[in-house]
Amino acid sequence: AVSAPVPPSTELAMGYADSFYDHQHMRAPGDPTKRAYTYLVLGSAKFVAASAARATVLKLIYTMSASADVLAKGSVEVDLGSIPLGQTATIK
């Protein structure tokens with residue numbers, strides 16, 4: 001018995017010939033390129049990358065600031081009574 005060849009658009013992986021899955025009702029509605037999902041994923045990745053970059057920059061800035069023991073040694077007490085009113089003084 002010779003059978004007619006099945007068109008490739010209706011041939012499924014297991015060899016079944018069925019056009020049910022090629023029908024319009026099986027196709028998802030909306031944008032076939034899934035552009036909104038792609039934008040969501042890319043936007044989330046950019047947000048995570050920007051947050052990581054911000055954390056790295058802040059960590060570098062905070063390591064360059066003076067520590068508490070250095071700031072404590074830097075305090076100077078000056079008797080303001082020895083400076084005449086309206087004059088300036090530079091304390092080193």
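**Exercise 1.** How many Å² does the protein expose, and what share of it do carbon and sulfur atoms supply?

*Solution.* The structure is a predicted model, and the values below are computed from it. In this model the protein exposes about 8,900 Å², and 64% of that area is supplied by carbon and sulfur atoms. As a next step, consider the interior: of the 92 residues in the protein, buried ones make up 1%. The secondary structure consists of 2 helices and 0 strands.

**Exercise 2.** Find where K34 lies, and decide whether K34 is buried, partly exposed or exposed.

*Solution.* Begin with the position: K34 belongs to the segment that comes before α1, the helix covering 35–64. Turn next to the backbone, where K34 has a positive phi of about 55° although this residue is not a glycine. Finally, the relative accessibility of K34 is 44%, and because partly exposed is the class between under 20% and over 50%, K34 counts as partly exposed.

**Exercise 3.** Work out which residues make the nonpolar surface patch, and then classify Y62 as buried or exposed.

*Solution.* The patch, with an area of about 580 Å², is made by V57, L60, I61, Y62 and M64. One of these residues, Y62, lies in helix α1. Since the relative accessibility of Y62 is 58% and exposed means over 50%, Y62 counts as exposed.

Notes
Residues numbered from 1 in each chain as written. Predicted model: local features only at pLDDT ≥ 70, side-chain atom pairs only at ≥ 80, totals over all residues. Heavy atoms only, no water. Helix = DSSP H or I, 4+ residues; strand = E, 2+ residues; numbered from the N terminus. Buried < 20%, exposed > 50% of the residue type's maximum accessible area, 1.4 Å probe, protein only. Patch = residues over 30% accessible without salt bridge, like charges linked within 9 Å, V, L, I, M, F, W, Y side chains within 5 Å. Areas by Shrake-Rupley, 256 points an atom, 1.4 Å probe, with all protein chains shown as cover. Salt bridge = Lys/Arg side-chain N within 4 Å of Asp/Glu carboxyl O.
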